[in-house]
Each structure stands twice: as structure tokens, then as C-alpha cells.
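This report looks at selected local features of one protein chain. Please keep the sequence and the coordinates at hand while reading.

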Amino acid sequence: AAISRLRELARSCRENGIRLISVPANSVTEVSDATMNLCREKVDAICQIPDNCTIPGFSVMVKVTRKERIPLFCFISSQVELGAIAAVAGDYVQQGKEVADLAVEVIHGKSPANIPFSRLKYIRTVINPGAAEAYGLTTPEELFRTAGMIIGEHENLPQGK
């Protein structure tokens with residue numbers, strides 16, 4: 001799954017004229033080194049693709065990137081709470097409801113083989129203005145208006161935008 005996400009990110013970067021530097025981490029202990037290597041490249045930002053190494057090593061990524069003042073973005077909303085600036089993430093509550101609806105269909109006789117694979121239908125932007133400040137950045141007002149969730153003092157914003 002992480003390889004597929006990396007390919008999608010690479011395609012999007014190419015289409016938008018952004019140079020992508022990818023640094024592999026094969027274990028949780030390599031996450032710190034990989035993050036430091038990216039920071040040495042003087043990148044404008046780091047976008048963490050979730051996998052079994054980077055999820056448990058995320059707090060190290062926050063620590064390193066804040067020290068180096070390299071903004072950190074991600075694709076998991078809970079990591080925004082842990083210190084990333086923002087994420088474009090699936091709405092897993094809504095996804096759970098969709099799965100429950102599928103389960104009801106199976107209980108009523110629909111064959112799971114006849115249920116097509118589908119991606120997340122509900123995606124939202126989650127922002128953390130406090131984290132942005134810790135990186136020396138200001139959160140654009142447009143993000144406050146379009147975010148599905150704001151971590152911090154505005155956490156009760158309606159979900160699912």
C-alpha cells in the first residue's frame with residue numbers, strides 16, 4: 001500500500017512541478033536517520049506516507065523536523081494531533097459506517113465476491129495551527145474555512161468537509 005501511495009504522490013508532484021525526494025526506512029530505528037537525511041537535503045517540507053515503520057516512528061519525525069524547521073505533513077489525522085501541520089486523510093468514522101452497511105448486505109445474502117473494491121469516499125483536511133506555529137509558519141485563513149477538522153481550540157468544527 002505504501003508503494004502505491006508513493007507512486008500516486010510522485011505522479012502528483014510531477015504534474016505540479018514539485019521535486020520529490022524519497023528516502024526509504026526499512027525499520028522503525030531507520031526513521032530517524034531517514035528524516036535527518038531529508039532535512040540535510042534542505043527540502044521545503046516532508047510528507048510522511050504511513051507504513052509499519054513510520055507510524056511508530058512518527059514522534060521522532062516530529063522532533064527532528066521541528067528542530068530543523070522543516071514542515072511535516074501526513075495522511076493520518078491522528079498524526080496531526082501528534083505534531084504534523086496538516087493531513088489529507090480518510091474519514092474513518094464514515095468508512096466504518098460504509099463497512100457496516102456492506103456487512104448488512106452480506107448478512108442478507110449478498111456474496112462478498114460480488115462487492116467491488118472501493119477507496120475511501122470521504123476525505124477531509126485536518127490542520128493543526130499550533131504545529132504550524134512550532135515550525136514558524138502561519139496557517140492560511142482559507143484552510144480554516146475549508147478544513148474538516150482543526151486541532152486545538154477549534155476542535156469542534158463540523159466533520160466531513
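In this predicted model, Gln79 has a relative accessible area of 3% and is therefore classed as buried, since buried means under 20%. The residue belongs to helix α4, which covers residues 77-81. When residues up to four places away in sequence are left aside, Gln79 touches Gln48, Thr54, Ile55, Phe58, Cys74 and Ala84. Two of these partners can be placed in named elements, because Phe58 falls within helix α3 (residues 58-68) and Cys74 within strand β2 (72-74).

Helix α3 itself lies across β1 and β2, and runs at about 150° to β2. The two strands belong to an open sheet of 5 strands, arranged in the order β1-β2-β3-β4-β5 with mixed pairing. At its edges stand β1 (46-47) and β5 (149-150), each of which pairs on one side only. Towards the β5 edge, strand β4 (residues 123-127) is joined to β5 by 2 bridges, and these two strands run parallel. Within this pair, Val126 of the model stands opposite Met149 in β5.

Helix α1 can be described by its length and by its faces. Its 14 residues, at 1.5 Å a residue, should span 20 Å, and the C-alpha atoms at its ends are 20 Å apart, so the expected and computed values agree. The buried residues of α1 are Leu9, Ala10 and Cys13. Because they cover an arc of only 100° around the axis, these residues sit on the same side of α1. The face turned away from that buried side carries the exposed residues Arg7 and Glu15. Just after the helix, Gly17 takes a positive phi of about 70°.

How many salt bridges does a search of the whole structure find? There are 3 of them, and they are set out below with the separation of the closest N and O atoms and the accessibility of each partner.

| Acidic residue | Basic residue | N to O distance |
|---|---|---|
| Glu15, 56% relative accessibility | Arg11, 39% relative accessibility | 3.3 Å |
| Glu105, 33% relative accessibility | Lys110, 34% relative accessibility | 3.2 Å |
| Glu142, 44% relative accessibility | Arg145, 51% relative accessibility | 3.0 Å |

The pair formed by Glu15 and Arg11 lies in helix α1 (residues 2-15), and because the two residues are 4 apart there, about one helical turn separates them. Glu15, which also appears on the face of α1 turned away from the buried side, counts as exposed at 56%, whereas Arg11 is partly exposed at 39%.

A related arrangement is found in helix α7 (residues 141-146), where Glu142 and Arg145 are 3 residues apart, about one turn of the helix. In this pair the acidic residue, Glu142, is partly exposed with a relative accessible area of 44%, while Arg145 counts as exposed at 51%.

For the remaining bridge, the side chains of Glu105 and Lys110 meet at 3.2 Å, N to O. Here Glu105 counts as partly exposed at 33% relative accessibility, and Lys110 likewise counts as partly exposed, at 34%.

Note on methods:
Residues numbered from 1 in each chain as written. Predicted model: local features only at pLDDT ≥ 70, side-chain atom pairs only at ≥ 80, totals over all residues. Heavy atoms only, no water. Pairing = 2+ DSSP bridges. Contact = heavy atoms within 4.5 Å. Axes fitted to C-alpha atoms, helices over the stretch in contact; angles between N-to-C directions. Salt bridge = Lys/Arg side-chain N within 4 Å of Asp/Glu carboxyl O. Buried < 20%, exposed > 50% of the residue type's maximum accessible area, 1.4 Å probe, protein only. Expected span 1.5 Å × (residues − 1). Arc of directions from axis to C-beta.
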